[in-house]
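User: I have a model open and want to learn to read its features one by one. Where do we start?

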Amino acid sequence: MNSQIEKLLLLQELDLKIRALNTRLKVIPVEIKKISAETQNEKEKFTLRKGALMSEELEMKKLEAGIKEKDELIRKLQSQSGMIRKNDEYRALMNEIDNVKKGVSNIETEELILMDRIQENRAKVKDIESKLKDKEKHAAEEEKELLDIENKIKIEKQNLTGKRPQYTTGISSENLPPYERLLSKGAGTPVAEVKDGLCSNCHLKLTPHTTNQARKGLLARCDNCAHIIYMKD
Ligand SMILES: [Zn+2]
């Protein structure tokens, strides 16, 4: 095999490892973002639930204040009743007291229904809160793990990139720039083997002339994708 091809293949092996590391480096921040978006989503659900519970509790306080107010009114009316002489006025006052009492009873019914709801929602909020805490803890761990992996990949990439000059020496200035242009496309293999008359990069058929050139060990290019092609001895 042409020694330039041999050197290019070794360089390509290194470059493809670096490319794979770069791909992983791109994915990690996306993963981290996804995790934190999920946690944020849960947090918002919790805030909404808690807000709803707080307004129910506020409503309960208003009902209690309403009862207190009506109880005071009943006491005031009852104290007035002793001073009334006329029967019809007395009856009207008693009626009024009865109405206020009915109002108290209505509010108490409302209170019972609301209390049930509050108790149910307090349990739900507590449950969501504990799940959220678990999720946050889990997310922090996952994030840390991903950052550790990211660091390791960066170190590995630095290592491989540092070795690159060793691999490019000996490759002629005629061959290295075209190789690097093909590499910078970010996909496929810049140097591709010819298998059964096909280019193993684009999988299309090569002309007999090109195949012959490759067979002779010349640096040929694929007729379709223009990648450097070679044939194993
Ligand atoms: Zn091709």
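User: How many helices and strands does the chain have?

Analyst: A word on the source: this is a predicted model. The secondary structure comes to four helices and four strands. Along the sequence the pattern is α-α-α-β-β-α-β-β.

User: How do I read the overall shape? What is the radius of gyration of the chain?

Analyst: Set the value against that of a compact globule. For 233 residues such a globule would be near 17 Å, but this chain has 41 Å. Then check the box along the principal axes. The C-alpha atoms fill roughly 130 × 35 × 25 Å.

User: What share of the residues counts as buried?

Analyst: Count the C-beta neighbours of each residue. A residue needs 20 or more other C-beta atoms within 10 Å to be buried. Here 10% of the 233 residues pass.

User: Now the helix pair. At what angle do the axes of α1 and α2 cross?

Analyst: Take the two N-to-C directions and read the angle between them. Helix α1 spans residues 3-81 and helix α2 spans residues 87-168. Their axes come within 5 Å and cross at roughly 165°. An angle over 145 degrees counts as roughly antiparallel. The two helices are therefore roughly antiparallel to each other.

User: Which hand does the crossing have, and which residue classes make the contact?

Analyst: The crossing of α1 past α2 is left-handed. By class, their contact has 35 nonpolar, 10 polar and 31 charged residues.

User: How can I see the pairing in single residues? How far apart in space are K7 and T168?

Analyst: Compare separation along the chain with separation in space. K7 lies in α1. K7 and T168 are 161 residues apart along the chain, yet their C-alpha atoms are separated by 7.7 Å. K7 has 19 C-beta neighbours inside 10 Å, so K7 counts as partly exposed.

User: And what is the distance between L73 and I18?

Analyst: That pair makes a contrast. L73 is placed in α1. L73 and I18 are 55 residues apart along the chain, and their C-alpha atoms are separated by 84 Å. L73 also counts as partly exposed, because 15 C-beta neighbours lie inside 10 Å.

User: On to the strands. What is their order in the sheet?

Analyst: Read across the sheet, not along the sequence. The sheet is open, has four strands in the order β2-β1-β4-β3, and its pairing is mixed. At the edges stand β2 (198-199) and β3 (220-221). Each has a single partner strand, so one side of each is left without a neighbour in the sheet.

User: How does mixed pairing show up around β1? Which way does β1 run against β4, parallel or antiparallel?

Analyst: Parallel. Three bridges join β1 (residues 191-195) to β4 (residues 228-230). Within β4, I228 stands opposite V191. With β2 the direction is antiparallel, and two bridges make the join. There K195 has L198 of β2 as its bridge partner.

User: What sits between β1 and β2 in their hairpin?

Analyst: Two residues separate the strands. In this hairpin D196 takes a positive phi near 50°.

User: Why look at the sign of phi?

Analyst: Most residues other than glycine have a negative phi. A positive value therefore invites a second look.

User: Where does H203 lie, and what is its phi?

Analyst: H203 sits in the loop between β2 and α4 (208-215). Its phi is positive, about 65°, although H203 is not a glycine. H203 has 11 C-beta neighbours inside 10 Å, so H203 counts as exposed.

User: What about A226: which loop holds it?

Analyst: The loop between β3 and β4. A226 also has a positive phi of about 65° without being a glycine. With 14 other C-beta atoms within 10 Å, A226 is partly exposed.

User: How far is A226 from T211?

Analyst: In sequence they are 15 residues apart, and in space 13 Å, C-alpha to C-alpha. T211 lies in α4. T211 has 19 C-beta neighbours inside 10 Å, so T211 counts as partly exposed.

Notes. Residues numbered from 1 in each chain as written. Predicted model: local features only at pLDDT ≥ 70, side-chain atom pairs only at ≥ 80, totals over all residues. Axes fitted to C-alpha atoms, helices over the stretch in contact; angles between N-to-C directions. Parallel < 35°, antiparallel > 145°, perpendicular 65-115°, else oblique. Left-handed = near helix turned anticlockwise from the far one by under 90°. Nonpolar A, V, L, I, M, F, W, Y, C, P; charged D, E, K, R; others polar. Pairing = 2+ DSSP bridges. Buried ≥ 20, exposed ≤ 12 C-beta atoms within 10 Å, placed from the backbone. Rg over C-alpha atoms; globule rule 2.2 N^0.38 Å.
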